[in-house]
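The exercises below are meant to be worked through with the sequence and the structure at hand. Try each task before reading the solution that follows.

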Amino acid sequence: METKQWFVDNPVNNLSCYPQIQEAAQLLRDGEVIGFPTETVYGLGADAMSNQAVEKIFLAKGRPSDNPLIVHIAMKEQLQTIVTEVPLMAEKLMDAFWPGPLTIILPKKDGLSEKVTAGLDTVGVRMPSHPVALALLKAADVPVAAPSANRSGRPSPTTARHVYDDLKGKIAGVIDGGTTGVGVESTVVDCTGDIPIILRPGGVTREQLEEVVGIVVMDESLKNEKITPKSPGMKYTHYAPDAPLVIVEGSKEFLQEIVNKEKQAGKKIGVLTTAENQSYYQADVVLACGERRDLSSVAQHLYDVLRRFNDYDIDAIYSESFTEKGIGQAIMNRLTKASGHRFLKE
Ligand code: TXA
Ligand code: MG
């Protein structure tokens, strides 16, 4: 299959009338899958009401079929076709964070493709804030199921090039809207119980959520890897670069000592650091991921840096670690998964 590429580099007001957006929206309505930018990462969209269309997402990504997809909407009115009720706390969260990087789990309505929810009786819904995503959703005029547009297991895509590298020939097209801003996926919050539960930390921080709805808890599995996550996708290996990744908790001197020992053993070593420490390390490849003093810049560059390590022939990557406050919680969650829970403590 030929994978079309559309460029929308200079978003204007009536973007949904753009010929590129119209063509992509028509393909979505025809049951094809399309890569598109959101403010978090690029998504791979299909008509959420069509089993056949949604099936194509799983095929293109090589995604396990028990991992449900998030449904994307452009207007709150679309909720009526997707969920049976919107509890007060969900309403408050929508008012505060939509459009934006927050996915809310609610009881699902019949009519949605069963493949979207992987047999669960709940569905994750989100209204993205990226102008291209909103324009596409409006033009398509159907709820759009969309996971991140990477091949299953690989780091999520933050550029159209990443999508193209992973899925060329497997999808009908990708809209290039530039590099995504947040860089890590949306926060997934379960609002089907008495208090909101974070199933996946992401672009909206726990602290921000608590300002709006009071106490918010973390799903137990986020703290204890032996507990099965409520969010099926959280149990799979994710975001992994080709070389094994180890997170180092300690000083930069400690990290450099580890690298030195590996070098003595003849290994080729990569170091994942931030701009502040980039010139300190002596290793085969030293890549900086944003600035430590601005954690949102680390989130923004994380997946691209994980992918860039694959351009080098290295035996292992050692990464600095980050605080778990604010957006740091999402950064450490993704790094931990990318490392397969490999840590070294000073
Ligand atoms: O920022 C994002 O959320 C991006 C962009 C494209 O919107 N999408 C994304 O989708 O990250 P995906 O499929 O890569 O991750 C969806 C996560 C998975 O961990 C999945 O298990 C969880 O959300 N999820 C979806 N529906 C769920 C449900 N009904 N109950 C629990 N977890 C659910
Ligand atoms: Mg994903």
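**Exercise 1.** Which backbone oxygen does the side chain of S297 reach, and at what distance?

*Solution.* Keep in mind throughout that this is a predicted model. Begin by placing the residue, for S297 belongs to helix α9, which covers residues 295-308. Next follow the side chain of S297, which reaches the backbone oxygen of D294 at 2.7 Å. Then set aside the neighbours within four places in sequence, and the contacts of S297 that remain are with G290 and E291. Finally consider accessibility: the relative accessible area of S297 is 12%, and since the cut-off for buried is under 20%, S297 is classed as buried.

**Exercise 2.** Decide whether K325 is buried or exposed, and find what it contacts beyond its neighbours within four places in sequence.

*Solution.* The first step is to locate K325, which sits in the loop that runs between β15 (316-320) and α10 (328-338). The second step is to take its relative accessibility, which is 62%; because exposed requires over 50%, K325 counts as exposed. The third step is to look for contacts while leaving aside the neighbours within four places in sequence, and this gives E207 and L295 as partners of K325. As a last step, compare positions along the chain with positions in space: K325 and T205 are 120 residues apart in the chain, yet their C-alpha atoms are separated by 8.4 Å.

**Exercise 3.** Explain why helix α5 can be described as largely enclosed by the rest of the structure.

*Solution.* Start with the count, since 8 of the 10 residues of α5 (residues 131-140) are buried, and the helix is therefore largely enclosed by the rest of the structure. Then name the buried residues, which are V132, A133, L134, A135, L136, L137, A139 and A140. Now ask what lies over them: the cover includes the helix α1 (19-29) together with the strands β2 (34-36), β4 (70-72), β7 (144-145) and β8 (173-176). To finish, move just past the end of α5, where D141 adopts a positive phi of about 60°.

**Exercise 4.** Work out how compact the chain is as a whole.

*Solution.* First take stock of the secondary structure, which consists of 10 helices and 16 strands. The radius of gyration is 20 Å, close to the 20 Å that the globule rule gives for 346 residues, so the chain is as compact as a globular protein of that length. Then turn to burial, where buried residues account for 57% of the 346 residues in the chain.

Technical notes
Residues are numbered from 1 along each chain as its sequence is written. Chains are lettered from A and ligands numbered from 1 in the order in which they are written. This is a predicted model: local features need pLDDT of at least 70, side-chain atom pairs count only at pLDDT 80 or more; totals for chains, interfaces and linings use all residues. Side-chain values use heavy atoms; hydrogens and water are left out. Helices (H or I, at least four residues) and strands (E, at least two) are DSSP runs, numbered from the N terminus. The radius of gyration is taken over C-alpha atoms; the globule rule is 2.2 Å times the number of residues to the power 0.38. Buried means under 20% relative accessible area, exposed over 50%, partly exposed in between (1.4 Å probe, protein chains only). A polar contact is a pair of N or O atoms within 3.5 Å; within protein, one must be able to donate a hydrogen and the other to accept it, and residues adjacent in sequence count only if both atoms are side-chain atoms. Contact means heavy atoms within 4.5 Å.
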